[in-house]
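I opened the notebook on a new model today. I wanted one residue in its surroundings, then the confidence, then the charged pairs.

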Amino acid sequence: MNSLYDEFRVAVHSVWTRRWLVLAVAWGICILGWLAIASIPNRYDSRARLLVDINQILPDETGGRGPQIDQIRETLTSARNMEKVAATTGLLPAGANDREKAGTVAMLQKNIKVVPQQDNIFEITSSIAVGSLSDADNAKLASGVLDSLITVFRDDQLRGGRMNAREGLKFLDAQIADREKALREVEARRAAFEAQNIGLIPGGAGSPAQRVDAARAELSQIDSQLVSAQAQLAAANGQLASTPQSIPGAGGGVGGGVARQQLAGAQNELSAMRARGLTDAHPDMIAIKSQIASLKAIADREGAGGGGGGIQNPAYASLAAMRAERQATVSALSARKSQLMGDIAKITAQQIQNPGIAAEYDRINGEYTAFKAQYDKLLGQREQVRMRGEVQTETDAIKIELLDPPSKPTSPAAPNRPLFLTLVLLAGVGGGIGAAFGLGQVRTSYATAAKLERASGLPVIGSITEVVTPERHVERRKKLVWLASGGAALVGLYALLLVAEFIQRGMVA
């Protein structure tokens, strides 16, 4: 413990013997630091809150509130708006060149912050710190920039709605014309390719691969329908086999009349199909012919009228007609299945025999499909833009309301000059003490006999204390007064700077 106390006393003595160095270093650091702080202009912040309500009469496909917030933020701080603000607030002189304009716009964009809050409310902050202006001018300019920015934004939004709609329609019209031209070129190439390779490309809409996929999908449906129809036909056959053709009773010809009536109706339907131009290979023609054949067989078995002491069983006639109908359905489905399988086999064979033609045809069809999708999408977008333009013309598309006007700053937001002045003073005193202590460590002198004994390894017989004469004592007292005066002057300068800072802030208010 005594050793630590001795070391502390030695360090204090080393610093005290170099007290003028401490004072000189402290003055140097403080002067340089305070000059650096004085060169930093005070920054004044002004804040305002703005409500931007967008009239959502038409649905928005941009993805919700996020893109609107980004768009409003970018519009507020756009280079065009910043240039107008700089011109109206005097930051940009009338004859400024492009470089000066770019520098001023960049400065404003850096110092203006737009922060979105709840429900389309934006907080706008402008920070102004121009070194060539006084604090009062900087504070006035901070609120003036926000006033000008809000005015420019409101005017642009009121004037720009229709202009944006017209520009959007013009752009979309040009894009639609380009896509339509490309679509016609692809259609012409596809028609020429089909004409050159007639017989190698199967007819029908779409590429060979698309037609094969469609045929396979339809074939899968027909398979399930055919299974169901065959099950229904088997059920009808079973019911018909267990039902008698006639029942005992007087009279006759009723049942035969029913069969012949159904046969006549089926024949009339066949004539109507032929009148519509259907060929015998059509699935509906195949089905009706099968039904007619079944009805003819039933009518022939029944004869011209009833006989044998009985009458035709109506249930049997109804079941026979039902069976004929289900047989026709099974025949039609089977015929369609055979046709689809033949089409698939034909297209597949052509693709195997002519792979290059099929691939080229697929590529042309894919290109056509892509252009057609783009064309249809652009048409839809154009209609939406047109409707939005009409809405903006008839109603207020955007509502701008100033919730909180730009504040008038009375104190700088940065830098914290009193804190910095104090830190510089402490740094100066600490730097002076550190310099004196460091110089004492470098010099090869010993403050006590014990240190000399430890350093040399030899015993120290004794030490002679300093004898101070009265004249020397007076001189030391005079130097102490000078030292105290220098330290007091440094502290006084620090206090004077603080007072000047607060007086300067009071002039802003």
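**Entry 1: Ser46**

I began with Ser46 and asked whether it is buried or exposed. This is a predicted model, so I kept the wording to computed values. Ser46 has 0% relative accessibility. The cut-off for buried is under 20%, so Ser46 counts as buried.

Next I looked up where Ser46 sits. It lies in strand 1, which covers residues 44-54.

Which backbone oxygen lies 2.7 Å from a polar atom of the Ser46 side chain? I found that of Ser407.

I then listed the contacts of Ser46, leaving aside neighbours within four places in sequence. Ile124, Thr125 and Ser126 are among them. So are Ala142, Ser143 and Leu146. Pro406, Ser407 and Pro409 are in contact with Ser46 as well. Ser407 therefore turns up twice in this entry: in the contact list and as the owner of the backbone oxygen at 2.7 Å, beside a Ser46 that counts as buried.

**Entry 2: the whole chain**

I stepped back to the totals. The protein has 509 residues, and 31% of them count as buried. I read off 14 helices and six strands.

I checked how far apart in sequence the contacts reach. Taking contacts between residues at least 6 apart, 83% join residues at least 24 apart. The accessible surface comes to about 30,200 Å². Carbon and sulfur atoms hold 58% of that surface.

**Entry 3: confidence**

I went through the pLDDT values. The average for the protein is 78, and 79% of the residues score at least 70.

Where is confidence lowest, and where highest? Strand 5 (residues 310-312) has the lowest mean, at 61. Helix 2 (residues 19-38) has the highest, at 93.

I noted two stretches below 50. Over residues 56-65 the pLDDT stays under 50, and the model has 18 contacts there beyond four places in sequence. Over residues 304-309 the pLDDT is also below 50. That stretch has six contacts in the model beyond near neighbours in sequence.

**Entry 4: salt bridges**

How many salt bridges does the structure hold? I counted eleven. I looked up three of them.

I took Lys101 and Glu83 to start. Their side chains meet in a salt bridge at 3.8 Å, N to O. Lys101 is in helix 5 (residues 98-111) and Glu83 in helix 4 (residues 79-89), and the two are 18 residues apart. Lys101 is partly exposed at 27% relative accessible area. Glu83 is partly exposed too, at 33%.

I moved on to Arg382 and Asp173. Their salt bridge is 2.4 Å, N to O. The pair links distant parts of the chain, 209 residues apart: Arg382 in helix 11 (residues 355-394) and Asp173 in helix 6 (residues 135-196). I have Arg382 as partly exposed, with 26%. Asp173 counts as partly exposed at 33% relative accessibility.

I ended with Arg189 and Glu367, whose side chains meet at 2.9 Å, N to O. Which helices does this pair link? Arg189 is in helix 6 and Glu367 in helix 11, 178 residues apart. Arg189 is at 34% relative accessibility and counts as partly exposed. Glu367 is partly exposed, with a relative accessible area of 24%.

I closed by setting the last two pairs side by side. Arg382 and Asp173 link helix 11 with helix 6, and Arg189 and Glu367 link helix 6 with helix 11.

Definitions and conventions
Residues are numbered from 1 along each chain as its sequence is written. This is a predicted model: local features need pLDDT of at least 70, side-chain atom pairs count only at pLDDT 80 or more; totals for chains, interfaces and linings use all residues. Side-chain values use heavy atoms; hydrogens and water are left out. Helices (H or I, at least four residues) and strands (E, at least two) are DSSP runs, numbered from the N terminus. Buried means under 20% relative accessible area, exposed over 50%, partly exposed in between (1.4 Å probe, protein chains only). Contact means heavy atoms within 4.5 Å. Accessible areas come from the Shrake-Rupley method with a 1.4 Å probe; for residues, only the protein chains shown count as cover. A polar contact is a pair of N or O atoms within 3.5 Å; within protein, one must be able to donate a hydrogen and the other to accept it, and residues adjacent in sequence count only if both atoms are side-chain atoms. pLDDT is the predictor's confidence in each residue, from 0 to 100. A salt bridge is a side-chain nitrogen of Lys or Arg within 4 Å of a carboxyl oxygen of Asp or Glu.
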